[in-house]
There are 2 protein chains.
Amino acid sequence: MVTTKPTARDLRVANRAGVLRALYFGGDASRLELSQITSLSTATVTNVVAELLADGLVREAGSEESQGGRPRTMLTIAADAGYFIGIDLGENVIRIELFDLLLHPIVAQQVVDVDNLHQPQTVIERIVAGVAAVAQAAQLPLEGVIGAGIGVPGMVDHATDVTVFAPSIGWRNVPLLAELERQLPFPVFLDNGAKAMAQAEALLGAGQGVADLAAVLLGTGLGAGIITGNALFRGATNSAGEWGHMKVVLDGRQCRCGSAGCLEAYLGAHALLERWAALAAADVALNQAEEDGINHLVSAASAGDPAAQQVLDEATRYLSLGIANLINLFNPQRIILGGWAGLRLGPAILPDVRRLTREYALEPPFSAVTIDLCHFGQDAVALGAATLALEEFLTAGGKQRSLAMRTGGLVK
Amino acid sequence: MVTTKPTARDLRVANRAGVLRALYFGGDASRLELSQITSLSTATVTNVVAELLADGLVREAGSEESQGGRPRTMLTIAADAGYFIGIDLGENVIRIELFDLLLHPIVAQQVVDVDNLHQPQTVIERIVAGVAAVAQAAQLPLEGVIGAGIGVPGMVDHATDVTVFAPSIGWRNVPLLAELERQLPFPVFLDNGAKAMAQAEALLGAGQGVADLAAVLLGTGLGAGIITGNALFRGATNSAGEWGHMKVVLDGRQCRCGSAGCLEAYLGAHALLERWAALAAADVALNQAEEDGINHLVSAASAGDPAAQQVLDEATRYLSLGIANLINLFNPQRIILGGWAGLRLGPAILPDVRRLTREYALEPPFSAVTIDLCHFGQDAVALGAATLALEEFLTAGGKQRSLAMRTGGLVK
DNA sequence: AAGTCTTAATTCAAGGGTTGAATTAAGCGC
DNA sequence: GCGCTTAATTCAACCCTTGAATTAAGACTT
């Protein structure tokens, strides 16, 4: 029940984490600067940095020009002190990517195997093989991997067992994590892909330095990841942020979730293309891959096609409504628009979205928010998945926690 | 930026807080039990309890029957070790209430003065006088008051200056808190009334022991307070939780907030009575006080009036939609329905609300939630306001923080 | 080129906290 | 009255942070 950290040694862990975070996100700094950032004494910074140096997580990197005093020796994260793996389990492709400690990409790999992706056993095999493949391609031993994360297109319940509820790939209560942790020699973290992506943008992308934000993803389905107080907002059972199934119309269009009137039924890629087809009285919009269809839609609208323009206009209104509701409820500092469809539609509709959102939202929370496009593209989910492991690593102050300890940590 | 608590003395504060909280919310316990609950060693519990005893916050309260060993001496919160004041600044009444340390009510007072409530200066005078009055009625010196809280019908920005944005009483950027703290000899906390009430229900009412919940309030306006991780969810500028202005209809009914299609425009007391009048083709529903009107509406519906039944039916659908959206977005463990109109409508519509909410929300988050009526009635906001001060008190481990320290604490 | 000045980093003793083990306290039952 | 059992306290060991004092490392001056 009580979550305090009672023993004095925990202070050190927290302070290691503070110094490590400052260096990781604040960039290179001297011990003195670190002491100011973290508000620790210089004595403590010296001690903590000594540990980090000894562990190889941090390196000295020359010294700054001095103006007549001892020059500050700069400290920097040792980017090659360890590696992370990010896995994007998509609806019809698995993307596996290897990153260095600073989450710079090293090697990426794609596994395309639409037919068997619905079978967990196949997915697990593909992932284990893919992990070995990227490590080999980078000529790195798997022991150097600090941890891996997986983003999945569905809900993950962290409380009971760690399982998955992902209708779009036909999964329900699949113990993916347990199986993978048995087969891989490093800790693995599992979460919803939209949440993973939101964390990538928050830590390294369009949300850097912002403590409270929401990333909304437009694609075949809709997703969102909400960050509050610099951390993913999960709710009681880690299914918070299901923005796509916010009801926006009573007794509205049928949604694939089984209910009706969901935002996704008006703003999902399929919904937009269907609407276009209906307005244009032609099925041409539906006779192509969704991504091509959306591209087609955007260029048709900019070319003056009135039906396409109306579809975009309606999409803008629904998107603005959905964003305004997020603003009124979560009062974030930033909204980040992403997802493959969001990236394509964004440039065309963002100004109007901003204007309408101002109309729809209350003034005080609206005036605290900015609405921007995401920074990352196709590899956002894989990167975000890697940040799941990174977060744990940083919170532990750079001490790689053993599997046993992690399991213990989950117990309340 | 870094929010760690570096020095060893902070450990003690955190552990004092842990023991105090365990005793406060877990009820009387022995030192041994406390050690188990807090997972501190018995040695530390002994030390911490000794401090709390010396400070008069805790008392020994006899010993339990033993089965052949040293009996455990029970510890209990000293209810008279200090007092809290809760102030409900309503739209046309001020309610001031004095509580003991356990938030049991001692004296209450109402200040009714509709005409002048729009003038901050008058409100401040009334509050200061009312505070003195309740203290005198209870024959207690103001020095015994640990802190006071104020719930206001509007938004409070904690970041800039602590000001108020409350259109319903015509306030905008009123520095209420600064003025009151100058005139009162104890710390004062200010927040939105719905947030205050949510915290009352969370700590002491229908949400006890629940870490993630949302309290929704139906009244003249709509409000909500959201608790996540046992703490009020505030967002970036403390205006999170504006549930009443969630858009539920594009281009819908005009709302008093200036926008259109807000939930409040369909579910606020005034909206319901207007709808009734329109359906019944009679203005009778509007020619009475709102509270009487809602009472009338509920009894007419239960008596079989078809227009009234339809109004309730529509209200049920919009309320369910609003709750379902909260469930999908926040994934709470409990929804608590309150507010004066919520209390009246609740018994009549709650079963249908539960049924419809299941239809509207996604299955995983819905299956994690229960929907209940609130516990507290008229004095919920005053009690909640008092909990604002209580929370600070407990977090500080029962050390009453000075004004200077509080201000310092707000600085990042 | 030596000495002085300035700023950064380290060392050190003091102070505060938690903990497990050992000890003491306090009833119960025979 | 004595041993048994369980609760609470005491104590020595250990860890951590901190401010002050000290050392380190260049720049500047003469």
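Through which surface do the copies, chain A and chain B, meet? Some notes on that, and on the DNA side, with the reminder that this is a predicted model.

1. **How the copies meet.** The answer is the same surface, because 100% of the interface residues of chain A turn up as interface residues in chain B too.

2. **Symmetry.** Chain A lands on chain B after a 180° rotation with 0.0 Å of shift along the axis, and the RMSD is 0.0 Å. The two copies are thus related as by a two-fold rotation axis. If you want a landmark for that axis, look at A:Val248: among chain A residues, its C-alpha comes closest, at 2.7 Å.

3. **Who surrounds strand D.** There are 26 residues around DNA strand D, and the closest are A:Arg12, A:Asn15, B:Thr46, B:Gly69 and B:Arg72. By residue class, the surface near the strand splits into 8 nonpolar, 12 polar and 6 charged.

4. **Backbone or bases?** Of the strand D atoms within 4 Å of the protein, 76% belong to sugar or phosphate, with bases making up the rest.

5. **Phosphate contacts to check.** A backbone N or O atom of A:Ser41 sits 3.1 Å from a phosphate oxygen of strand D. On chain B, a backbone N or O atom of B:Leu32 is 3.0 Å from a phosphate oxygen of the strand, and for B:Arg31 a side-chain N or O atom lies 3.0 Å from one.

6. **Which elements contribute.** Two or more residues near strand D come from each of α1 (8-26) and α3 (42-54) in chain A, and α2 (31-38) and α3 (42-54) in chain B. The top contributor is α1(A), with 5 residues.

Key
Residues are numbered from 1 along each chain as its sequence is written. Chains are lettered from A and ligands numbered from 1 in the order in which they are written. This is a predicted model: local features need pLDDT of at least 70, side-chain atom pairs count only at pLDDT 80 or more; totals for chains, interfaces and linings use all residues. Side-chain values use heavy atoms; hydrogens and water are left out. Copies are superposed by least squares on the C-alpha atoms of residues with pLDDT of at least 70 in both. Contact means heavy atoms within 4.5 Å. A residue is near a molecule or strand if one of its heavy atoms lies within 4 Å of it. A polar contact is a pair of N or O atoms within 3.5 Å; within protein, one must be able to donate a hydrogen and the other to accept it, and residues adjacent in sequence count only if both atoms are side-chain atoms. Helices (H or I, at least four residues) and strands (E, at least two) are DSSP runs, numbered from the N terminus. Ala, Val, Leu, Ile, Met, Phe, Trp, Tyr, Cys and Pro count as nonpolar, Asp, Glu, Lys and Arg as charged, and the others, Gly among them, as polar.
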